[in-house]
Amino acid sequence: MRVALFLTCVNDTLYPDTGRAMVKLLTRLGVEVDFPMAQTCCGQAHYNTGYRHEAEPLARHFSDVFGEYEAIVTPSGSCGAMVRELYPRMGERARAEGRGGSLATAVASVVPKTYELTEFLVDVLDVTDVGAYYPHRVTYHPTCHGLRGLGLGDRPRRLLEAVRGLELAELPGAEECCGFGGTFALKNPDVSAAMGTDKVRNAESTGAEVLCAADNSCLMHIGGTMARLRTGMRPVHIAEILASTEEEPAS
Amino acid sequence: MSGTFVGMPAFPAAAHEAVRNPTLRGNLRHATHTIRAKRAKAVAELADWAELREAGRRIKDHTLRHLDRYLVQLEEAVTAAGGTVHWAADADEANRIVAGLVKATGETEVVKVKSMATQEIGLNEALLEEGIHAYETDLAELIVQLGDDRPSHILVPAIHRNRGEIREIFTREMREWGRPAPEGLTDTPAELAEAARLHLREKFLRAKVGISGANFMVAETGTLVVVESEGNGRMCLTLPETLISVVGIEKVVPTWRDLEVFLQTLPRSSTAERMNPYTSMWTGTTDAETADGPRVFHLVLLDNGRTDTLADDVGRQALRCIRCSACLNVCPVYERAGGHAYGSVYPGPIGAILSPQLRGTASEIDASLPYASSLCGACYEVCPVAIDIPEVLVHLRERVVQGGPVTREGNKAVLKPAKGHAAERAAMRAALWALTRPGALRTGQRLVSRTRRFHPRTLPGPGRAWSDSRDLPPVPAEPFRDWWRRTNGGRDTK
Ligand code: SF4
């Protein structure tokens, strides 16, 4: 199976380790991974800040770049939800505004084939034990768009539970938003920081060394708060845990 | 909407104060978390919750689509049952009508059932200007009124107050308004409730005029419905001779049968009860000899921005709201910011989408409300009529930053983009330029990587808000795409 890695602009620029972990993990599971160089950004920041018209060319570009692949896999619940949930809506809005159905047609070529990583592993590859080894105490934060947008359910947890050496600690208030929310963190800094602090304090209470999530944007906010509060915990993307093995352990 | 809120600062500034108030945050956190857990349990009891939610959504959508027809039907039914219907285009008109009706009775005191619509139009203040005192009879609303405060929650207007504060308000204020608080009042819930009961009983027995809202209006029979927990509503609806109900036009449902759905979803969503303790229904007037209930009944149908909201094909879903307040109780932003920060009687997620539609986005607070959310989606998940609040928030953000077609006071207009977003717009356009050109993106990434040693740990401009409370992530030496190219997709190195 040949799949396209949709790494997202944030991962590409700031978290290349997550991308490398995805390549390592998927290759280990017998998947042929391609990284279409022309990919840029799904347009979520534009869309969610109110710049829907600016997001449209990005949805079109995404569809052009990824349209030919059998499957598109991304390590971001929120970018995954952007494609799956919001691209069809954008297509419909464009049609309703009398701008024709071409955007709707374009996105139809990618929407059903786009998977968030844990979804792809569990639903498409049908694995929960990916042969990973990660000897740390970990707590898992389900990010909002993965949880409520994509409906990831317990897939990430099932994957983590199958990791050898990993001790999973229950996160109190797990389903509460961490307060990132893209531009929300800039426009409402006080509320965002208060939410982040509560999330970090809850994580601390578990005694875990690592807070794991399936989205680096939320991890950036949570990790930045952890560092500022000097908790000693660190944020790690789930791909990096699942890619970690006894031979090549992730830190 | 109510003049009480004019001059409110924009949401972030108002929230700034609230976030720093530990008592407020503690009160809110405790209250919302308790009710949140109870609601989840009450909802989980029903095997057909998803169907009920969908049915509620459909009934409301259908009604809104044919609102004109159902309102006329309602008017006919109410009139046939002995009531009088008045139409109010905005808050001023509604207040004028109600004040006129009260004056015509010769009374200067009225008792009120808690009602969002009358708060929305600032009725109490308007009546006071005409020399009429309106007494709130809902316990929480009474606390707010006595404390000269504003409600901060739809269902529990005094959610931001704790027991100690309430005791203090009762002791200080009740005397001014009627029967004083008992000597040596403590802050146990039972004693506080008893003090309120005694205070209110006098009002009920004296009042000749009652003012209410309604949760639903049934078009086929002209019946109005109020659901409540304390029984004060029932007293206001049955004791006074004259009843004036002020109700938003979106509250109509076509048939009696439709109530079945909402009388299940509303209590479970709001108070986590299986049924409301009191469900009062009244149809027109009753004959003085035979029964309880008003001998004179007036229904004031309030528009106040609702028809304009209805004209918007994305935003109109906000009119499905049955004011259960479930979205407030799960909202992490509401929990930290408190209800007052939203600057209207509709706080929380529903307020963030309703107020900027009813009032327009011209004021600073209204333009800031669509951003008062991290788009986490918890509100949508719990909403018993499936209002996609995040969708409407993003739609309204678009209206704020890009302008677009709107309907105001029945006229179509094209809104200009709000001021103060020029820098953001430019940044978004520049980002778009780079993001539709992979080469340009790559150059930008490289620049970021090469200069990484010089990156400050705190950011200038709007970015400061970020680095004030969080550390920035270090920039990696090489973006992923460069690694991919250099190593041929990881095949060439170990
Ligand atoms: S928007 Fe939905 S959840 Fe919120 S108050 Fe209205 S009906 Fe309840």
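Reader: Hi! How many residues of chain B are in contact with chain A?
Author: In this predicted model, 68 residues of chain B touch 61 residues of chain A.

Reader: And what area is buried between chain B and chain A?
Author: About 5700 Å² is buried between the two chains, and carbon and sulfur atoms give 58% of that area.

Reader: How many salt bridges are there between chain B and chain A?
Author: The count is 11 salt bridges between them. One of them joins the side chains of A:Asp190 and B:Arg20, at 3.3 Å from N to O.

Reader: Cool, where else does A:Asp190 turn up?
Author: A:Asp190 is in helix α11 of chain A, where, together with A:Val191 and A:Ala194, it meets B:Pro12, B:Ala15, B:His16 and B:Val19 in α1 of chain B. The residues of this contact divide into 5 nonpolar, 1 polar and 1 charged.

Reader: At what angle do those two helices pack?
Author: The angle between α11 (residues 189–204) of chain A and α1 (residues 11–19) of chain B is about 40 degrees, and their axes lie 8 Å apart. That angle makes α11(A) oblique to α1(B).

Reader: New topic: strands! Which strands does β1 of chain A pair with?
Author: In chain A, β1 (residues 2–5) pairs with β2 (residues 32–34) in the parallel sense over 3 bridges. β1(A) also pairs with β3 (residues 71–74) of chain A, again in the parallel sense over 3 bridges.

Reader: What are the bridge partners of A:Val3?
Author: In β2(A) the partner of A:Val3 is A:Val33, and in β3(A) the partner of A:Val3 is A:Ala71.

How values were computed:
Residues are numbered from 1 along each chain as its sequence is written. Chains are lettered from A and ligands numbered from 1 in the order in which they are written. This is a predicted model: local features need pLDDT of at least 70, side-chain atom pairs count only at pLDDT 80 or more; totals for chains, interfaces and linings use all residues. Side-chain values use heavy atoms; hydrogens and water are left out. Axes are lines fitted to C-alpha atoms, for helices over the stretch in contact, and angles run from 0 to 180 degrees between N-to-C directions. Helices (H or I, at least four residues) and strands (E, at least two) are DSSP runs, numbered from the N terminus. Angles under 35 degrees count as roughly parallel, over 145 as roughly antiparallel, 65 to 115 as roughly perpendicular and the rest as oblique. Contact means heavy atoms within 4.5 Å. Ala, Val, Leu, Ile, Met, Phe, Trp, Tyr, Cys and Pro count as nonpolar, Asp, Glu, Lys and Arg as charged, and the others, Gly among them, as polar. Two strands pair if DSSP finds at least two bridges between them. Buried area is the accessible area (1.4 Å probe) that two parts lose on being put together, summed over both. A salt bridge is a side-chain nitrogen of Lys or Arg within 4 Å of a carboxyl oxygen of Asp or Glu.
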